[in-house]
Amino acid sequence: MSEELHITSLVVRAEPSLLAAVRDMVSTLAGAEIHGTDEATGRLVVTLEGPTQGTVLDQLALIQQAPGVLSAAMVYQHAEPLASLNTEPTHVDPS
C-alpha cells in the first residue's frame, strides 16, 4: 500500500465570544491551517492534512468536541498517493 496525503476542508462555527480560543486550539493540530475567519459570526475556514483518512477524521472530532464549537462540517475531501505529488505534470499537445 502506498503512502497517501488526505486533505479535508471544513467550516467551523463557534460562539463568537470563544472564537479566539477555538482558533488557538485548531492551530495546535498537526496539519491544520486556518484560511479565513469571520469574527462577527464565529466562523473559520480550515484545512486538515494527514497520512490517513482516520487521522483527518480524528482531528475533525477533536474540533467538533472543543469548548465553544457549535458545528464543524466537512466541505471537501481529497486523497492521493504521495508519489504523485513528487512528479512533474506532463504536457499534452492538443494538436
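# Exercises on a predicted model

The secondary structure of this protein comes to three helices and four strands, and the model examined here is a predicted one.

## Exercise 1: the overall layout

Determine in which order helices and strands follow one another along the sequence, and what share of the residues is buried.

Solution. Reading along the sequence, one finds the pattern β-α-β-β-α-β-α. To decide on burial, a residue is taken as buried when its relative accessible area is under 20%; by that cut-off, buried residues make up 26% of the 95 residues in the protein. As a further step, consider the contacts between residues at least 6 apart in sequence: of these, 67% join residues at least 24 apart.

## Exercise 2: the nonpolar core

Find how many residues the largest nonpolar core has, and which of them have the most contacts inside it.

Solution. The largest nonpolar core has 16 residues, and those with the most contacts inside it are Leu-10, Val-12, Val-22, Val-46, Leu-48 and Ile-63. At least two residues of this core come from each of E1, helix H1 (19-27), strand E3 (43-50), H2 and E4. Taking Leu-10 as an example and leaving aside its neighbours within four places in sequence, one finds it in contact with Leu-44, Val-45, Val-46, Leu-48, Leu-60, Ile-63, Ala-72, Ala-73, Met-74 and Val-75.

## Exercise 3: the cavity

Establish how many cavities of 30 Å³ or more a search of the whole structure finds, and describe the lining of the largest cavity by residue and by element.

Solution. Rolling a probe the size of a water molecule over the atoms shows where empty space is left. The search of the whole structure finds one cavity of 30 Å³ or more, and the volume of the largest cavity is about 50 Å³. Its lining consists of His-6, Thr-8, Gln-53, Val-56, Leu-57, Met-74 and Gln-77. Sorted by element, two or more of the lining residues come from each of strand E1 (4-14), helix H2 (53-65) and strand E4 (69-81), and H2 gives the most, with three residues. Sorted by character, the lining divides into three nonpolar, four polar and no charged residues.

## Exercise 4: two residues of strand E1

Decide whether Thr-8 is buried or exposed, do likewise for Ser-9, and list what each of them touches beyond its neighbours within four places in sequence.

Solution. Begin with Thr-8, which lies in strand E1 and is one of the residues that line the largest cavity. Thr-8 has a relative accessible area of 3%, so it is buried. With the neighbours within four places set aside, the contacts of Thr-8 are Val-46, Thr-47, Leu-48, Val-56, Met-74, Tyr-76 and Gln-77; among these, Val-56, Met-74 and Gln-77 also belong to the cavity lining.

Ser-9 is likewise found in strand E1. Its relative accessible area is 18%, and because this is under the 20% cut-off, Ser-9 counts as buried. Not counting residues up to four places away in sequence, Ser-9 touches Val-46, Thr-47, Ala-73, Met-74, Val-75 and Tyr-76.

## Exercise 5: the salt bridge

Find which side chains meet in a salt bridge, and explain why the pair ties together parts that are apart in sequence.

Solution. Side chains of opposite charge can pair when their charged atoms come close. Applying a limit of 4 Å between a side-chain nitrogen and a carboxyl oxygen, the count comes to one salt bridge. The side chains of Arg-23 and Glu-39 meet in it, at 3.0 Å from N to O. Arg-23 lies in helix H1, whereas Glu-39 lies in the loop between strand E2 (32-38) and E3, so the pair ties together parts that are 16 residues apart in sequence. As to accessibility, Arg-23 counts as partly exposed at 23%, and Glu-39 counts as partly exposed at 49%.

## Exercise 6: Arg-43 and Pro-51

Locate Arg-43 and Pro-51, and state how each is placed with respect to a residue distant in sequence.

Solution. The place of Arg-43 is in strand E3, and with a relative accessible area of 38% Arg-43 is partly exposed. The C-alpha atoms of Arg-43 and Arg-23 are separated by 9.7 Å, the two residues being 20 apart along the chain. Beyond its neighbours within four places in sequence, Arg-43 is in contact with Val-11, Val-12, Arg-13, Leu-19, Gly-36, Thr-37 and Asp-38.

Pro-51 lies in the loop between E3 and H2, and its relative accessible area of 52% makes Pro-51 exposed. From C-alpha to C-alpha, Pro-51 and Glu-3 are 7.1 Å apart in space, although 48 residues apart in sequence. Leaving aside neighbours within four places, Pro-51 is in contact with Glu-4 and His-6, and His-6 is itself one of the residues that line the largest cavity.

Definitions and conventions:
Residues are numbered from 1 along each chain as its sequence is written. This is a predicted model: local features need pLDDT of at least 70, side-chain atom pairs count only at pLDDT 80 or more; totals for chains, interfaces and linings use all residues. Side-chain values use heavy atoms; hydrogens and water are left out. On a 1 Å grid over the protein atoms alone, a cavity is a set of points where a 1.4 Å probe fits but cannot get out, and a pocket is an open set with protein on both sides within 12 Å along at least five of seven lines; lining residues have an atom within 4 Å of a point. Grid points are joined across faces, edges and corners, and a volume is the space filled by probe spheres set on the points. Ala, Val, Leu, Ile, Met, Phe, Trp, Tyr, Cys and Pro count as nonpolar, Asp, Glu, Lys and Arg as charged, and the others, Gly among them, as polar. A nonpolar core is a set of buried Ala, Val, Leu, Ile, Met, Phe, Trp, Tyr and Cys residues joined through side-chain atoms within 4.5 Å. Buried means under 20% relative accessible area, exposed over 50%, partly exposed in between (1.4 Å probe, protein chains only). Contact means heavy atoms within 4.5 Å.
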